Amino acid sequence: MSFEELGLSAPVLQAVTEKGYTTPTPIQEKAIPIVLMGRDILGCAQTGTGKTASFVLPMIDILAEGRAKARMPRSLILEPTRELAAQVAENFEVYGKYNKLSMALLIGGVSFPDQERALEKGADVLIATPGRLLDHFERGGILLNDVKILVIDEADRMLDMGFIPDVERIVATLPKIRQTLFFSATMPPEIKRLADRFLSNPKEVTVSRPASANTNVVQGLVIVQDDQKRDALLALIKSQEVKNAIVFCNRKRDVAALHTILKKHGLNAGALHGDMSQPARTETLEKFKAGDIQILVASDVAARGLDVQDMSHVFNYDVPFSPEDYVHRIGRTGRAGKTGHSFTLATPNEGDLIDAIQKLINTTIPRVEVPGLDTAILEASDGRRRGRGGRRGGRGGAAPERGRGPRREHSEPREPRNEQPAAAPVQAEAAPAPEVQQPRSEARAEPREARPDRPPRERRPDNRGESRGERRPEHRSEPRGESRGERRPERHHERDDGNSPKGLGDHVPAFLARR
Ligand code: AMP
């Protein structure tokens, strides 16, 4: 099918052609005609599928007629993060270049007066994060009674970030008669219930997997002791042909620390995390996109939506807490039909997180060894070694901050969810990248069940604003590391010799242990 067959106008088709798109992606093929008909949509699709254009292109045509009054936007797009909102705004500019639509972008960290001026001029399209939109609404700077089209994008991410009460408040102020387009990568029951309330007789559109651009990632897993992660990362960067890369960390303070280290090693590195001011975030992103920064050390604020042409590598300096985040992180590379590479550094006690990821992507991530470093093996959650093979890591013991328990970005999902996307979004069938040795054996072949011990999701008391401090994760009650075996006496690791007393698990009293 061609874009011409979808019913889009000549100006929009012209912009699409100039962007270089020749054929619509599956979500575009399915959604665009439905949106043009004025129907509501319940879309199950992830980033990387071409989802943004699937709503932006027809919206431009629907809004082409008419003009917005001051402070009364005609359409509203809600995005969970500033980066995603900014990216949708960029898309509007590109696809709407032959239309004269006005746009306002309301995101945190950017000056209020500028945003007020944009609203005052009248916005055909308003793109906003929920917190900043409510701030404007409460100051009386905006009226939402004229909104004819509402887009709720990344609804599951909104849920993870605790924005749903804000979204509900916003939707309550909109006209009942409107067109609503609702997108989510996954459809857990809470999201389905929300969709049922917001949508009227929607057409369901599901794309089973992201566009092929996102499936072409050669993955690798490096298991090392915590105190060898930096060396492992530096060795990987050196051994790979890194054109440009994102290094993901789970914590903001690690982003800053690692950024300093990479710079000390002479690498052209930048940092991006949720505590930076919006101008600093924007500047860093622009430098990275322009190639002025080669390696971006980032938290998960950069995991979704960030669209950098030809990114060669993603490094997970930390295993993400949520398996969906893994998919989003590595999806930053291997885009637009290019092959990308991802390497994940895991410590031996992170077997459960790796299991959850492997279960989600339905594949085992190939282990790779970094020359010159001891390769460790994953342990089961009770601290036992899994399988055979692999060398013991040189130095046992977790770094002290591990023991304090992980802290997470305030804007990161709070815990892995059980729901899976419609299909495995990544493949790992290609061989590991050159110059990194294949492991001699797999620590574990089969992914296990995801962690069953997740506590219920908790709502933030103040769930507005995208940059209001860090949250602690709730899904790990134990400090990482300390209870997982690496500080135990050596013989407990070596107890699979058939001589150990049976039935006592790891807690073999010293006087019973045979030597
Ligand atoms: P999205 O899922 O909206 O984040 O889009 C993912 C990537 O696909 C972006 O780089 C888009 O520019 C690109 N894209 C969107 N539609 C098409 C298309 N029809 N053909 C090729 N690339 C596309």
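In the predicted model, β3 pairs with strand β4 (residues 125-128) in the parallel sense, through four bridges. Within this pairing, leucine 105 has isoleucine 127 of β4 as its bridge partner. Both strands belong to an open sheet of seven strands, ordered β3-β4-β2-β5-β6-β1-β7, in which the pairing is parallel. The edges of this sheet are formed by β3 (103-106) and β7 (203-206), each of which pairs on one side only. From one strand to the next, the twist averages 10°.

Two helices are placed against the β3 end of the strand order. Helix α4 (residues 82-95) packs on the sheet and touches β2 (75-78), β3 and β4. The direction of α4 makes about 170° with that of β3. Helix α5 (residues 112-121) lies across β3 and β4, and its course is at about 150° to β3.

A second open sheet consists of six strands in the order β8-β13-β12-β9-β11-β10, and the pairing here is parallel. Its edges are occupied by β8 (217-223) and β10 (269-272); each has a single partner strand, so one side of each is left without a neighbour in the sheet. Neighbouring strands are turned against each other by 20° on average, direction ignored. Within the sheet, strand β12 (residues 313-316) and strand β13 (residues 340-346) run parallel and are joined by four bridges. Phenylalanine 315 has phenylalanine 343 of β13 as its bridge partner. Helix α10 (residues 229-239) lies across five strands of this sheet, namely β8, β9 (245-248), β11 (295-298), β12 and β13. The helix runs at about 165° to β13.

The ligand is surrounded by 14 residues, of which Tyr21, Gln28, Gly48, Thr52 and Asp307 are the closest. By residue class, the shell around the ligand comprises three nonpolar, eight polar and three charged residues. Polar contacts to oxygen of the ligand involve both side-chain and backbone atoms. A polar side-chain atom of tyrosine 21 is placed 2.4 Å from an oxygen atom of the ligand. From the backbone, a polar atom of threonine 49 is 3.1 Å from a ligand oxygen atom, and an N or O atom of glycine 50 lies 2.8 Å from an oxygen atom of the ligand. On its own, the ligand has 500 Å² of accessible area, and the protein covers 79% of this.

Glycine 7 is located in the segment before α1 (10-19). Apart from neighbours within four places in sequence, glycine 7 is in contact with Leu36 and Asp61. Glycine 7 and aspartate 61 are 54 residues apart along the chain, and their C-alpha atoms are separated by 9.6 Å.

Notes: Residues are numbered from 1 along each chain as its sequence is written. This is a predicted model: local features need pLDDT of at least 70, side-chain atom pairs count only at pLDDT 80 or more; totals for chains, interfaces and linings use all residues. Side-chain values use heavy atoms; hydrogens and water are left out. Two strands pair if DSSP finds at least two bridges between them. Axes are lines fitted to C-alpha atoms, for helices over the stretch in contact, and angles run from 0 to 180 degrees between N-to-C directions. Contact means heavy atoms within 4.5 Å. A residue is near a molecule or strand if one of its heavy atoms lies within 4 Å of it. A polar contact is a pair of N or O atoms within 3.5 Å; within protein, one must be able to donate a hydrogen and the other to accept it, and residues adjacent in sequence count only if both atoms are side-chain atoms. Accessible areas come from the Shrake-Rupley method with a 1.4 Å probe; for residues, only the protein chains shown count as cover. Ala, Val, Leu, Ile, Met, Phe, Trp, Tyr, Cys and Pro count as nonpolar, Asp, Glu, Lys and Arg as charged, and the others, Gly among them, as polar.
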